[in-house]
Amino acid sequence: MSNLIDKLSAILDRPSLSLGEDISEKYHADWSGADPCAPSVLLKPKTTDQLSEIMALCFQYDQPVVIQGGLTGLAGGATPLVGELAISLERMRGIEAIDPSGMTLTALAGTPLQVLQDAADDHNLSLPLDLGARGSCQIGGNVSTNAGGTEVIRYGMTRALVLGLEAVLADGTQINAMNTLVKNNSGYDLKHLFIGSEGTLGIVTRVVLQLQPKARSTHTALCAVADYSSVIKLLVQLKRSLGPGLTGFELMWDNYYEKVLEVIPALSSPLEGQFPFYLLVEYLDNDQQLGADRFEAVLYKQLELGVLQDAVIAKSYQDAEKFWQIRDGIGELFQVLGPVSNQDVSLPVADIGLFATDLERRLKAKYPGISVLLFGHIGDNNMHICAYTGREEDKTKISHDIMQLIGEYSGAITAEHGVGVLKRDYLPLSRSAAEIALMKTLKVAMDPKAILNRGRVFE
Ligand code: FAD
């Protein structure tokens with residue numbers, strides 16, 4: 001190792017290479033907090049060429065590495081394993097170009113998502129990717145995990161926003177696939193190998209993203225419904241009536257809604273009374289007045305039909321923010337709930353209500369005193385599950401039981417956060433043996449010495 005470190009020191013200046021106790025605890029684990037481990041060496045290259053040289057050396061020395069973006073991942077993927085050297089992308093940040101006519105943005109992979117959102121906004125454009133970790137997560141991490149977020153119902157996951165990218169392979173080879181064209185069928189579309197593969201096939205270094213025109217008006221409502229079948233009816237009706245303008249359809253079960261209001265005193269319910277389900281609905285339009293009228297008329301109709309029990313429309317940006325704070329309150333909840341099994345799964349939207357009831361019934365029968373909080377991006381089949389008893393020793397067992405039930409319902413063990421290390425053993429519940437074999441074939445072809453994010457996604 002000392003020989004390798006000497007050679008790495010010749011590539012990087014001192015602040016870009018740290019050893020042992022000089023490495024801050026921040027780099028010991030991602031935000032899942034699971035199994036922290038200090039990397040032996042931390043490298044922060046500034047350019048693709050430096051990163052290429054680093055990987056060529058690691059390849060030569062059979063040195064395993066872990067790739068670290070903003071470390072907001074919740075699957076343990078960026079957490080170092082014993083003996084790994086960590087490569088952080090945080091110094092590879094900055095926007096290279098914004099093309100207002102093609103509506104594209106080109107940036108280095110270590111740029112925080114929020115910086116890109118703000119830059120698009122400055123050009124009266126929008127990057128339709130948003131998640132609670134926006135200030136810390138990096139676009140390279142978003143691409144590598146194919147992140148979802150709150151606008152997937154309209155714009156798709158990160159994969160749908162990436163036109164091109166640049167990546168460095170395990171042996172240091174640079175792949176320049178910085179396509180800016182919407183249509184390009186010239187051979188394999190190699191970017192997809194790196195999107196959602198969680199750093200196991202290559203390190204994303206630059207990206208070209210497709211932007212959208214910024215909508216002129218945003219309309220937000222908090223709605224209440226009596227049962228899950230009404231949730232589905234409302235979703236179908238809103239999709240039909242509002243078309244592609246429907247950009248948010250976030251469901252909160254009463255267990256989540258009531259808990260978040262109880263724990264965060266600054267929040268209050270804009271609705272009077274209690275209901276089994278609450279929905280945060282967001283609609284974008286290009287005309288403020290017409291949009292407001294259309295949104296109100298569509299919701300009023302659903303009230304008349306009895307699909308909605310109640311609804312309140314935000315009258316200002318501040319109102320809308322308050323509605324979203326209820327949905328985003330999960331971040332604060334985590335700080336007080338103790339050991340929580342935190343899962344993000346997906347199922348056909350029609351099955352989610354039954355799955356949720358079944359899940360609660362089974363967990364409550366097995367773990368006396370358990371609390372189950374449910375919410376999610378239901379418009380795109382995705383539900384989040386937080387289950388806790390207060391006892392650390394139950395956490396893994398609860399996670400295991402949830403995964404098994406997802407397998408029974410033929411759902412996906414992870415909708416957004418990725419497999420990482422924490423869900424690796426459950427991958428066969430969601431993917432066939434032939435699919436996993438093909439993933440491994442790709443891994444061997446692109447990383448024959450298995451030095452890149454080894455042991456993530458599969459063993
Ligand atoms: P990291 O955590 O650093 O890494 C994640 C994985 O990607 C690791 O395997 C790492 O090795 C790899 N990686 C990172 N950068 C690169 C790179 N440049 N090249 C190759 N591999 C790389 N996720 C969602 O999908 N939707 C949400 O709505 C959402 N909400 C969240 C809310 C909160 C409060 C938090 C804490 C997390 C949330 N997440 C969500 C999870 C997380 O923010 C995303 O997975 C995010 O995309 C991770 O980006 P990151 O830069 O922090 O990556």
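How much surface does the protein expose, and what share of it do carbon and sulfur atoms supply? The points below take this up and then move inward.

1. **Surface.** The protein exposes about 20,000 Å². Carbon and sulfur atoms supply 51% of that area. Keep in mind that this is a predicted model.

2. **Overall build.** The secondary structure comes to 16 helices and 18 strands. The radius of gyration is 23 Å, close to the 23 Å that the globule rule gives for 459 residues, so the protein is as compact as a globular protein of that length. Along its principal axes, the C-alpha trace spans about 75 × 55 × 45 Å.

3. **Inside and contacts.** Of the 459 residues, 53% count as buried. Now take the contacts with a separation of 6 or more. Residues 24 or more positions apart account for 72% of them.

4. **Charges.** There are 39 positive and 55 negative side chains. The centres of the two sets lie 3 Å apart.

5. **A residue to look at: Val 225.** Find it in strand 12, which covers residues 217-225. Is Val 225 buried or exposed? Its relative accessible area is 0%, and buried means under 20%, so Val 225 is buried.

6. **What surrounds Val 225.** Leave out residues up to four places away in sequence. Val 225 then touches Ser 230, Val 231, Phe 275, Pro 276, Phe 277, Leu 279, Val 307, Leu 308 and Gln 309. Ala 311 is worth checking too: Val 225 and Ala 311 are 86 residues apart in sequence, yet 9.0 Å apart in space, C-alpha to C-alpha.

7. **Aromatic pairs.** The whole structure holds 7 aromatic pairs. One of them joins Phe 275 and Tyr 278. This pair is edge-to-face, with 6.1 Å centre to centre and 85° between the planes. Both Phe 275 and Tyr 278 are buried. Phe 275 also appears among the residues that Val 225 touches.

8. **A pair that links distant parts.** Phe 355 and Tyr 409 also form an edge-to-face pair, 5.2 Å centre to centre, with 85° between the planes. What does this pair tie together? Phe 355 lies in helix 13 (residues 352-366), and Tyr 409 lies in the loop between helix 14 (392-408) and helix 15 (427-430), so the pair ties together parts that are 54 residues apart in sequence. Phe 355 and Tyr 409 are both buried.

9. **An aromatic cluster.** Tyr 228, Trp 253 and Phe 277 form one aromatic cluster. Phe 277 is another residue that Val 225 touches.

How values were computed: Residues numbered from 1 in each chain as written. Predicted model: local features only at pLDDT ≥ 70, side-chain atom pairs only at ≥ 80, totals over all residues. Heavy atoms only, no water. Helix = DSSP H or I, 4+ residues; strand = E, 2+ residues; numbered from the N terminus. Buried < 20%, exposed > 50% of the residue type's maximum accessible area, 1.4 Å probe, protein only. Contact = heavy atoms within 4.5 Å. Rg over C-alpha atoms; globule rule 2.2 N^0.38 Å. Areas by Shrake-Rupley, 256 points an atom, 1.4 Å probe, with all protein chains shown as cover. Lys, Arg positive; Asp, Glu negative; His and termini not counted. Charge placed at Lys NZ, Arg CZ, Asp CG, Glu CD. Phe/Tyr/Trp six-rings, centres within 6.5 Å; stacked < 30°, edge-to-face > 60°.
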